[in-house]
Each structure stands twice: as C-alpha cells, then as structure tokens.
Amino acid sequence: MRLHEFQPGRLIAGLALLVAGVLYLLDSSGEADVPWFLVIPLTVGGLSLAALTGMVAYAVRRDRREGRDPISESSDQ
C-alpha cells in the first residue's frame, strides 16, 4: 500500500540542502575549509534542478492520467 506518490523533485531538493548543510557544519567545526562561493551555487543549482525535475515528473504523471479512460479511473479508487 502506497501512502503517497514518489516526488523526485523533493528528493533532489532535500539532498542538495543536506549536502550544503553538511558542508556548512564541516566548515564551522574546522574540519574543512569550504569557500563561501561553493555553497551558494550548490544550493541554488540543487533547487533549480529540483524544480526542473518536479516539473518533468508532473508532466509525466499528468500525461499518464490523461491516457486512462474514465471507467478504469473510477474502479482504481
């Protein structure tokens, strides 16, 4: 039983922000010297990639829904 549908855009956004957070944590603890100009493009690029992935996934999901006939949709629920 699936509780919710898989959303790859949210996965990519979470991973990008997780990586940025780990880099920030490593920099603040003194373990690594991460330049500031690395974290900002990583975050913005990750969120942009997540938005693009989310739009593509939505378009694919919408096309799959439009391909069904109304009779099979009522029996799926």
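**Reading a predicted model, one feature at a time**

Trainee: I see that Thr43 is found in helix α2. Before I go on, what kind of model is this?

Mentor: Welcome! The model is predicted, so please keep that in mind for everything we discuss.

Trainee: Thanks. Then let us stay with Thr43: is this residue buried or exposed?

Mentor: To read burial, look at the relative accessible area; buried means under 20%. Thr43 has a relative accessibility of 19%, so this residue counts as buried.

Trainee: And which residues is Thr43 in contact with, leaving aside its neighbours within four places in sequence?

Mentor: Those contacts are with Leu17 and Ala20. There is also a polar approach to find: a polar atom of the Thr43 side chain lies 2.9 Å from the backbone oxygen of Val39.

Trainee: Let me step back to the whole chain. How many helices and strands does the protein have?

Mentor: When you meet a new fold, list its elements in order. Here you will find three helices and zero strands, and from the N terminus on the order reads α-α-α.

Trainee: What share of the residues is buried?

Mentor: Of the 77 residues in the protein, 14% are buried. You can set the surface beside that: its accessible area comes to about 6400 Å², and 65% of this belongs to carbon and sulfur atoms.

Trainee: How do I read contacts along the chain, and what percentage joins residues at least 24 apart?

Mentor: The idea is to ask how far apart in sequence the partners are. Taking contacts between residues at least 6 apart in sequence, 55% join residues at least 24 apart.

Trainee: Could you show me some separations in space? What is the distance between the C-alpha atoms of Val56 and Pro8?

Mentor: Their C-alpha atoms are separated by 9.6 Å, while their positions lie 48 residues apart along the chain, counted as sequence separation. Val56 belongs to helix α2 and, at 48% relative accessibility, is partly exposed. For a second example, take Leu11 and Gly54: they are 43 residues apart along the chain, and their C-alpha atoms are separated by 9.6 Å. A third example is Val19 with Val39, 20 residues apart along the chain, where the C-alpha separation is 8.9 Å. Val19 is in helix α1 and counts as partly exposed at 42% relative accessibility.

Trainee: Now for charges. How many salt bridges does a search of the whole structure find?

Mentor: First, the general idea: side chains of opposite charge can pair when their charged atoms come close. In this structure the search finds one salt bridge. The side chains of Glu5 and Arg61 form it, at 3.1 Å from N to O. The pair links distant parts of the chain, 56 residues apart: Glu5 is in the segment before α1 (8-29), and Arg61 is in helix α2 (residues 36-67).

Trainee: What are the relative accessible areas of the two partners, starting with Glu5?

Mentor: Glu5 has a relative accessible area of 36% and is partly exposed. Arg61 also counts as partly exposed, at 22% relative accessibility.

Trainee: How should I look at aromatic rings, and how many aromatic pairs does the structure hold?

Mentor: Look at the separation of the ring centres and at the angle between the planes. The structure holds one aromatic pair. Trp36 and Phe37 make up this pair, with 5.8 Å centre to centre and 85° between the planes, which is edge-to-face. Trp36 and Phe37 are both exposed.

Trainee: One last feature: which residues form the nonpolar patch on the surface?

Mentor: Search the surface for nonpolar side chains that group together. Here the patch is formed by Phe6, Leu11, Leu15, Leu18, Val22 and Leu26, and together they have about 560 Å² of accessible area. Two of its members are good places to start. Leu11, which you met earlier, is in helix α1 and is partly exposed, with a relative accessible area of 45%. Val22 also lies in helix α1 and is partly exposed, with a relative accessible area of 42%.

Key: Residues numbered from 1 in each chain as written. Predicted model: local features only at pLDDT ≥ 70, side-chain atom pairs only at ≥ 80, totals over all residues. Heavy atoms only, no water. Helix = DSSP H or I, 4+ residues; strand = E, 2+ residues; numbered from the N terminus. Buried < 20%, exposed > 50% of the residue type's maximum accessible area, 1.4 Å probe, protein only. Contact = heavy atoms within 4.5 Å. Areas by Shrake-Rupley, 256 points an atom, 1.4 Å probe, with all protein chains shown as cover. Salt bridge = Lys/Arg side-chain N within 4 Å of Asp/Glu carboxyl O. Phe/Tyr/Trp six-rings, centres within 6.5 Å; stacked < 30°, edge-to-face > 60°. Patch = residues over 30% accessible without salt bridge, like charges linked within 9 Å, V, L, I, M, F, W, Y side chains within 5 Å. Polar contact = N/O pair within 3.5 Å; in protein donor to acceptor, adjacent residues only side chain to side chain.
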